Amino acid sequence: MAPIAVGDVLPDGTLSYFDAEDKLQQVSVHSLAAGKKVVIFGVPGAFTPTCSLKHVPGFIEKADELKSKGVDEIICISVNDPFVMKAWANTYPDKKDVKFLADGSATYTHALGLELDLGEKGLGTRSRRFALLVEDLKVKAANVESGGEFTVSSADDILKAL
Amino acid sequence: MATNILRRAASSVITSKTGSLLTGTSRRSYASVAVGIDIVSAAHGVSLQKARSWDEGVSSNFSTTSVKDIFKGKKVVIFGLPGAYTGVCSQQHVPSYSKNIDKFKAKGIDSVICVAVNDPYVMNAWACKLTAKDVIDFYGDFDGSFHKSLELGKDLSAALLGPRSQRWSAYVVDGKVKAFNVEGAPSDFKVSGAEVILEQI
């Protein structure tokens, strides 16, 4: 699968999470994104530093600013199971409505063409670090890191695209 | 029921070694692990990833620990569970071992090991959260190869966990399995806790 790019239609897929009542739920990406302006950012792994200390906090910090520019949903996805995503999300005391969704089997990451083999680091198949701006299922910005850097996929970069 | 009576009778009348043999036989269902097997040969060439932070991973060049180094020449109690941060694993299985650590040390156990099909960074964060990191060694079997080699893998896709493992425990001396317990279902917590295996050592 070629990596998702500007102009593409966001593929549909199923992600999972624990709701406010701690029940396991599955949600279709299209049901979250159709007719809306959404930011989806992906990280290689919960509990790893750039993801935990830079990427996620950036989006939480800028959540209000993103919302003021018309963003309806800010979604963080990772190839982790929903139990791990819930625990990781809970390490951020104020998530400012950033949704942490699990792509446990990497199926959705694969549909986006953004998978990355991090087996030698003990992670297995994961996602590249990326951030997408999607308006009514049309990709308006697709910032994908080529390696382990954190240069194009931050909240500030998405704000520039709005 | 019968196996419980057997186990109680065995542990009170016969030596613990024979008792564990009887328990091992009753538990030997579909896994290639059984009392008497050499875990190092069964999991030949397999490595685990010690729970660590990413920075520790970088500085160690993402090194792995071979099964041989974990078991050879040591008395080890090892338990495996379906997943970090999940209910029974967090609330019952790990605590049962962490609160009994002194009893294990008193019986000459070199290390108590917890392993799950998770990456080592998740295992590390979870171990810290359970404040169990200084008493139990946590290892990640990130690609499931350790559990697969012992036929202890289990597909938990229905619980949105994907390929994981059974819930099990074993007492291993110099690589030889002396006692082995596996739950009938991964959500059970009847035979794989610390109290059971302490009786088998």
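This report covers the largest pocket, the nonpolar cores and several individual residues of a predicted model.

**Chain B overall**

Chain B holds ten helices and nine strands. Of its 201 residues, 52% are buried. Its accessible surface is about 8,700 Å². Carbon and sulfur atoms own 53% of that area. Sequence-distant contacts are well represented: among chain B contacts with a separation of 6 or more, 68% join residues 24 or more positions apart.

**The largest pocket**

The largest pocket encloses about 780 Å³ of space. Its lining counts 37 residues. Nearest the centre are A:Gly104 and A:Ser105 from one chain, with B:Leu161, B:Gly162 and B:Pro163 from the other. Several elements give two or more residues to this lining. In chain A they are strand E1 (14–18), helix H4 (82–89), helix H5 (107–111) and strand E7 (124–127). In chain B they are strand E6 (153–156) and strand E7 (162–165). By class, the lining splits into 14 nonpolar, 15 polar and eight charged residues.

**Nonpolar cores**

The largest nonpolar core has 62 residues. The members touching the most others are A:Trp88, B:Tyr85, B:Phe104, B:Trp126 and B:Phe138. H4(A) is the top contributor to this core, with six residues. A second, separate core has 23 residues, including B:Val40, B:Val46, B:Ile70 and B:Tyr139. In general, nonpolar side chains of soluble globular proteins tend to be buried together.

What does A:Trp88 touch beyond its neighbours within four places in sequence? Its partners are A:Val43, A:Gly45, A:Ala46, A:Phe47, A:Cys51, A:Ser52, A:Val56, A:Cys76 and A:Phe100.

**Positive phi in chain A**

Most residues other than glycine have a negative phi. A:Phe47 departs from this sign, with a positive phi of about 65 degrees. A:Phe47 sits in the loop between strand E3 (37–43) and helix H2 (49–61) of chain A. A:Phe47 is also one of the contacts of A:Trp88. A:Ala106 has a positive phi too, near 65 degrees. The loop holding A:Ala106 runs between strand E5 (99–102) and H5 of chain A.

**Buried residues**

Buried means under 20% relative accessible area. A:Phe47 therefore counts as buried, at 15% relative accessibility. The table sets out relative accessibility for four residues.

| Residue | Relative accessibility |
|---|---|
| A:Phe47 | 15% |
| A:Ala106 | 9% |
| B:Arg52 | 7% |
| B:His93 | 0% |

Where in chain B is B:Arg52? B:Arg52 lies in the loop between strand E1 (47–50) and helix H4 (54–59). At 7% relative accessibility, B:Arg52 is buried. Leaving out residues up to four places away in sequence, B:Arg52 touches B:Gly57, B:Ser60, B:Phe62, B:Ser63, B:Pro120, B:Tyr121 and B:Asn124. The C-alpha atoms of B:Arg52 and B:Met123 are 7.6 Å apart. In sequence, these two residues are 71 residues apart.

B:His93 belongs to helix H6 (residues 87–98) of chain B. B:His93 is buried, because its relative accessible area is 0%. Which residues surround B:His93, not counting those up to four places away in sequence? B:His93 touches B:Phe79, B:Gly80, B:Leu81, B:Val88, B:Arg167, B:Trp168, B:Phe189 and B:Ser192.

Note on methods
Residues are numbered from 1 along each chain as its sequence is written. Chains are lettered from A and ligands numbered from 1 in the order in which they are written. This is a predicted model: local features need pLDDT of at least 70, side-chain atom pairs count only at pLDDT 80 or more; totals for chains, interfaces and linings use all residues. Side-chain values use heavy atoms; hydrogens and water are left out. On a 1 Å grid over the protein atoms alone, a cavity is a set of points where a 1.4 Å probe fits but cannot get out, and a pocket is an open set with protein on both sides within 12 Å along at least five of seven lines; lining residues have an atom within 4 Å of a point. Grid points are joined across faces, edges and corners, and a volume is the space filled by probe spheres set on the points. Helices (H or I, at least four residues) and strands (E, at least two) are DSSP runs, numbered from the N terminus. Ala, Val, Leu, Ile, Met, Phe, Trp, Tyr, Cys and Pro count as nonpolar, Asp, Glu, Lys and Arg as charged, and the others, Gly among them, as polar. A nonpolar core is a set of buried Ala, Val, Leu, Ile, Met, Phe, Trp, Tyr and Cys residues joined through side-chain atoms within 4.5 Å. Buried means under 20% relative accessible area, exposed over 50%, partly exposed in between (1.4 Å probe, protein chains only). Contact means heavy atoms within 4.5 Å. Accessible areas come from the Shrake-Rupley method with a 1.4 Å probe; for residues, only the protein chains shown count as cover.
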